[in-house]
Amino acid sequence: MRRVSWKILGAFLLWSVACENGFVDPNGGVASAKLVVDGLGTVQDRYTAEVWAVGNIAYTTTWGVRAFNGITSPGNAIKIWNVAGNTPVLVDSMIVDGATTVGDVQVSDDGKLLVVPTEKAQGSIAIYDLTNPLKPHLLSQFRNDDLATGVHTAAIQRVNGKLYAFLSVDPSPARLVIVDLSNPEAPTQVFSQAMGNPFVHDVFVRDGILFVALWNDGVSIFDIGGGGKNGTVSAPVLLGNVLTQGGEAHNIWWFHDPVSGSKRYAFVGEEATGSIGAASAGDIHVIDVSNFAAPHEVGFYSVVGAGTHNFSVDESKGILYAAYYNAGVRALDIRGDLGGCATNLKDTFGRCDLRKMGREIGHGLTDMGMPVYVWGVHKVGASLFASDMINGLWKLEALQ
């Protein structure tokens with residue numbers, strides 16, 4: 001989600017003006033495969049935020065405040081889409097009570113629950129039953145004093161068979177809160193701790209390990225049941241921390257390669273300043289986590305004039321899809337050794353440059369003849385869905 005000052009940086013503004021027909025990548029992104037665009041479901045009344053797709057249904061959320069046709073609307077809506085065809089079709093929209101922004105959306109792994117965080121004042125998570133996925137039914141809206149400043153993101157993950165929501169709460173102070181969703185009609189809080197500088201942002205949970213993006217405090221790794229240090233969800237144990245170059249650690253994906261069995265790399269998105277529809281900044285950082293006690297950065301990927309946001313990874317093919325705001329969508333080959341490149345492929349910090357290594361293998365929405373600002377991506381089957389803040393929901397064809 002956006003953590004920006006919205007001040008347009010001078011160089012970025014000049015770049016965006018020069019590119020009247022959309023973003024042109026000066027790094028040679030056109031040399032990679034072009035992702036085929038199937039269609040666009042247009043949204044103009046609100047800024048589109050995150051996307052989550054299940055089967056032929058997709059959900060998008062909304063962010064901030066947008067004026068359209070003389071009407072100003074807050075980001076308090078969830079859009080429901082039929083994505084069976086090439087062009088996403090909006091079938092319904094519902095308003096989340098008390099929200100001004102609902103930036104995230106996620107469906108539980110069993111397909112039964114839809115969970116959405118709300119901010120700013122009276123922060124909460126809204127939990128919906130998906131017995132009818134086209135008509136989500138509100139089961140509960142969990143809020144307490146710890147969430148009062150707003151829940152920025154919510155990751156829904158299972159630990160030892162039990163479903164939890166990991167909530168990143170707005171300052172001050174920034175706080176990580178964990179909620180037990182075993183009974184979605186009556187969720188219970190099991191953990192709360194201030195952390196982050198100045199934000200705690202997204203988390204990634206897998207195999208009883210919790211990764212937390214702490215902005216300028218880097219990424220911390222906790223044992224919550226799988227790290228061998230007797231950590232639990234209600235009492236996490238810190239295993240290690242890494243400060244990424246440039247700070248502003250925003251989102252994380254810990255890659256498990258089903259071909260090699262490697263679990264060596266985590267990918268961290270950096271979110272720097274930007275302006276909707278015009279500019280963004282921030283790299284993808286490659287972290288070697290083979291030793292949780294001593295994680296370290298070994299690689300990076302950068303696009304001049306643009307910055308990354310959220311990821312979706314096709315682990316079976318070893319492809320990371322990154323939302324890249326005004327630079328559309330980028331696809332990276334993340335299989336194999338990302339930290340052992342030749343000296344001429346490294347930067348001054350000794351990090352391997354994934355672009356110089358030829359790891360960019362796809363790009364999309366880079367030549368649409370209009371500005372795009374891609375917030376999130378979600379791969380389902382052969383399709384890749386991209387949520388565009390200013391245009392709506394795109395459906396693309398994933399690399400095969």
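Start at the largest pocket, which holds about 990 Å³ of space. A pocket here is an open set of points on a 1 Å grid over the protein atoms alone, where a 1.4 Å probe fits, with protein on both sides within 12 Å along at least five of seven lines. Its volume is the space filled by probe spheres set on the points, joined across faces, edges and corners.

This is a predicted model: local features need pLDDT of at least 70, side-chain atom pairs need 80 or more, and totals for chains, interfaces and linings use all residues. Residues are numbered from 1 along each chain as its sequence is written, and side-chain values use heavy atoms, without hydrogens and water.

Next, select Trp52, Gln106, Gln157, Phe204 and Trp253. Of the 37 lining residues, these lie nearest the pocket centre; a lining residue has an atom within 4 Å of a point. Now colour strand β13 (151–159), a DSSP run of E with at least two residues, numbered from the N terminus. β13 gives the most to the lining, with 6 residues.

Move to the rings. There are 10 aromatic pairs (Phe, Tyr or Trp ring centres within 6.5 Å, using the six-membered ring of Trp). Select Tyr47 and Trp63: their centres lie 6.2 Å apart and their planes 55 degrees, a tilted pair (neither under 30 nor over 60 degrees). Tyr47 is in strand β3 and Trp63 in strand β4, 16 residues apart. Add Trp375 to complete one aromatic cluster with Tyr47 and Trp63.

Last stop: Arg351. Its charged end sits over the ring of Phe300, 4.2 Å from the centre (the rule: NZ of Lys or CZ of Arg within 6 Å of the ring centre and within 35 degrees of the ring normal).

How values were computed
Helix = DSSP H or I, 4+ residues; strand = E, 2+ residues; numbered from the N terminus.
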